[in-house]
Amino acid sequence: MAAHRLSPSLNRLLLAGKYAPFWTRCCAVHGYAQYSTTCSPNEKMFDKILIANRGEIACRVMKTCHKMGIQTVAVHSDVDASAVHVKMANEAVCVGPAPTSKSYLNMDAIMDAVRVTGAQAVHPGYGFLSENKEFAKRLAAEGVAFIGPDTYALQAMGDKIESKLIAKAATVNTIPGYDGVVKLLCVYVYAYREGFRFSSQEAASSFGDDRLLIEKFIDNPRHIEIQVLADKYGNALWLNERECSIQRRNQKVVEEAPSTFLDPETRRKMGEQAVQLAKAVEHPITECITGLDLVEQMIRVAKGYQLQHKQEDIPINGWAIESRVYAEDPYKSFGLPSIGRLSQYQEPLNLSNVRVDSGIEEGSDISIYYDPMISKLVTYGATRAEALASMEDALDNYVIRGVTHNISLLREIITHPRFISGDISTNFLPEVYPDGFKGHQLEADSRRELLAAAAALYITAQLRSQRVLGDLRVSSTPVECSHWELSVELEEGRHSVDVTKSGNVYTVEVDGEKVEVNGQWNLASPLLPLTINGSHRMLQCLSRDASGKIVLQYLGTSFKVRVLSKMAAQLNAYMPEKVPEDTSSLLRSPMPGAVVSVSVKPGDTVAEGQEICVIEAMKMQNSLTAARQAKVKSVHCKPGETVGEGDLLVELE
């Protein structure tokens with residue numbers, strides 16, 4: 001650390017040079033979608049802020065701090081020592097081991113970090129300690145500002161039971177329910193009791209508070225939030241709404257602003273009620289349509305300044321869509337966590353009107369301990385149609401390798417007719433995909449496009465190999481072939497394909513229909529931009545090998561194809577087929593995680609649907625049950641152990 005203090009203006013310039021690349025990664029919105037951070041030289045700001053969070057939100061807060069010339073302190077667990085938010089900060093302090101209860105929820109360690117670094121304020125981000133009134137009180141007792149609601153507001157609003165009582169007293173609309181803490185003794189039905197148990201455990205893991213409340217069940221609800229910004233002088237603004245109805249496991253997947261559901265009068269009434277319960281949190285899509293840097297406004301308010309704007313100054317400029325990109329397998333319950341190292345990572349920042357808030361980079365590890373979010377991918381447009389079209393392109397151009405991700409689900413959501421028409425609710429996913437998500441369903445035209453692209457890619461790779469190997473083996477110039485007969489396997493079908501080539505253009509005959517495929521064919525690039533029958537398509541070649549097996553990402557979904565010459569396909573018919581493993585007696589872990597409990601032992605008889613064990617990963621618990629009645633033959637796990645996806649847990653007779 002430097003021994004001499006720099007002037008604020010010089011410090012701001014140095015920070016701008018040092019962190020410009022991170023700013024571009026964390027927030028890149030081109031043209032009129034850029035929100036503004038305005039730093040008045042007449043306003044004295046904090047010198048140093050500690051961010052008590054991790055990942056994309058920590059990076060997002062640091063971005064604005066650096067623009068304002070404020071030094072930042074990161075806190076991290078031992079497994080996050082090389083995380084992006086740690087690299088981005090001016091200082092970093094380890095606050096404990098990986099489990100959140102011992103690190104990011106460890107108030108004693110975070111308070112020590114505040115004292116050691118001399119931070120004058122703490123920004124809690126969201127989740128973790130952001131609504132913990134005890135944390136805010138401890139900061140206030142040491143003269144450290146809490147960038148968020150004051151301790152009274154936290155006590156009132158952080159406690160959902162008390163906040164509901166206050167809201168009712170203020171005549172704010174609330175959902176009917178039991179106005180108190182739900183006890184287990186109140187719950188009689190088994191299914192509800194199990195839900196109570198898992199909800200309590202997840203609440204304790206995420207927030208350190210296992211209390212629950214109960215409200216009336218609404219059959220077909222929408223989840224719409226109002227963004228609020230308030231200062232210490234009684235001024236409050238509502239910054240329009242966010243539509244958050246597309247969810248899985250009560251967590252948001254796609255957001256947009258504004259909502260297609262609200263008319264101006266309803267929006268006004270909701271906003272006026274919201275300012276009575278003011279609480280501010282940064283949201284990218286709200287920043288896009290208002291042009292405000294919400295983190296800057298929160299820092300100004302925490303320093304004691306009044307809001308710079310009035311309600312009539314708050315516009316709705318254009319439309320913004322946010323897709324939450326997760327390291328999850330969308331084919332399992334719309335998204336069970338995936339872990340691994342990002343072997344290749346490329347954000348679509350080359351596109352206009354795209355913003356990516358992330359806290360990872362190529363080489364980052366996605367672990368079992370934290371939320372599996374990779375980024376918040378935001379697109380902006382003058383209209384909703386423009387924002388959706390940009391999102392489609394952004395998802396197609398997003399390169400993520402090393403972990404399973406939910407790009408396929410996100411793309412299917414934003415292109416679904418119900419979503420496009422605005423006919424959505426929190427039941428959207430189970431209603432649209434009652435049998436689970438299956439990826440993009442190919443129709444005749446799209447199937448031919450995929451088959452033609454795979455055949456053209458295969459020939460391109462073969463020609464490149466021939467040129468390289470031919471130059472080594474043959475002195476004369478080889479004659480390049482321009483016509484091929486191939487067999488392409490896709491899903492359960494096998495297709496005879498006829499290919500001719502002229503320059504960079506392939507003409508592929510598939511099932512009697514001709515498809516023209518044109519491209520630059522850079523096999524070293526993860527992206528494969530093609531023009532297929534005049535339409536632009538962005539494909540990704542995820543893998544290919546010498547046996548003709550190719551995995552292509554097409555329209556967001558990964559498809560496995562196998563391309564063989566006509567002769568190789570005929571010979572392949574004589575190869576014996578591998579007999580699949582009988583898994584009916586095996587219970588394997590559907591995701592990486594930690595074993596919370598095991599409810600059986602060898603010799604026990606289990607009924608169909610009976611709980612066998614519970615696996616926890618990334619703040620989510622999953623109860624694994626018996627698929628049939630049987631006797632337990634062996635148990636291969638115990639509480640506290642870490643298991644990988646596919647690991648054998650229990651074997652039945």
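Which residue stands opposite S597 in β31? The residue opposite S597 in β31 is V614, as set out in the first legend below. This is a predicted model, in which local features need pLDDT of at least 70 and side-chain atom pairs count only at pLDDT 80 or more, whereas totals for chains, interfaces and linings use all residues. Residues are numbered from 1 along each chain as its sequence is written, and side-chain values use heavy atoms, with hydrogens and water left out.

**View 1. Strand β29 and its pairing with β31 and β34.** Strand β29 (residues 593-598) pairs with strand β31 (residues 611-617) in the antiparallel sense over four bridges, with S597 standing opposite V614 of β31. β29 is also joined by two bridges to strand β34 (residues 642-643), again in an antiparallel arrangement, and here A594 has T642 as its bridge partner. Strands are DSSP runs of E with at least two residues and helices are runs of H or I with at least four, numbered from the N terminus; two strands pair if DSSP finds at least two bridges between them.

**View 2. The closed barrel and helix α12.** Eight strands with antiparallel pairing form a closed barrel in the order β20-β21-β22-β23-β24-β25-β26-β27. The twist from one strand to the next averages 35°, where axes are lines fitted to C-alpha atoms, for helices over the stretch in contact, and angles run from 0 to 180 degrees between N-to-C directions. Helix α12 (residues 384-397) packs on the sheet and touches β24 (527-532), β25 (535-544) and β26 (549-554), its direction making about 25° with that of β25; contact means heavy atoms within 4.5 Å. Within the barrel, strand β21 (residues 493-502) and strand β22 (residues 505-510) are linked by six bridges in the antiparallel sense, and V497 stands opposite V510 of β22.

**View 3. The surroundings of V515 in strand β23.** V515, found in strand β23 (residues 513-519), is buried, with a relative accessible area of 3% (buried means under 20%, exposed over 50% and partly exposed in between, with a 1.4 Å probe and protein chains only). Not counting residues up to four places away in sequence, V515 touches R448, A452, Y506, T507, V508, I532 and N533. The C-alpha atoms of V515 and R448 are separated by 7.4 Å, although these residues are 67 residues apart along the chain.

**View 4. The crossing of helices α2 and α11.** The axes of α2 (residues 55-67) and α11 (residues 294-303) come within 9 Å and cross at roughly 70°. The contact is made by R60, V61, T64 and C65 of α2 together with L294, V295, E296 and I299 of α11.
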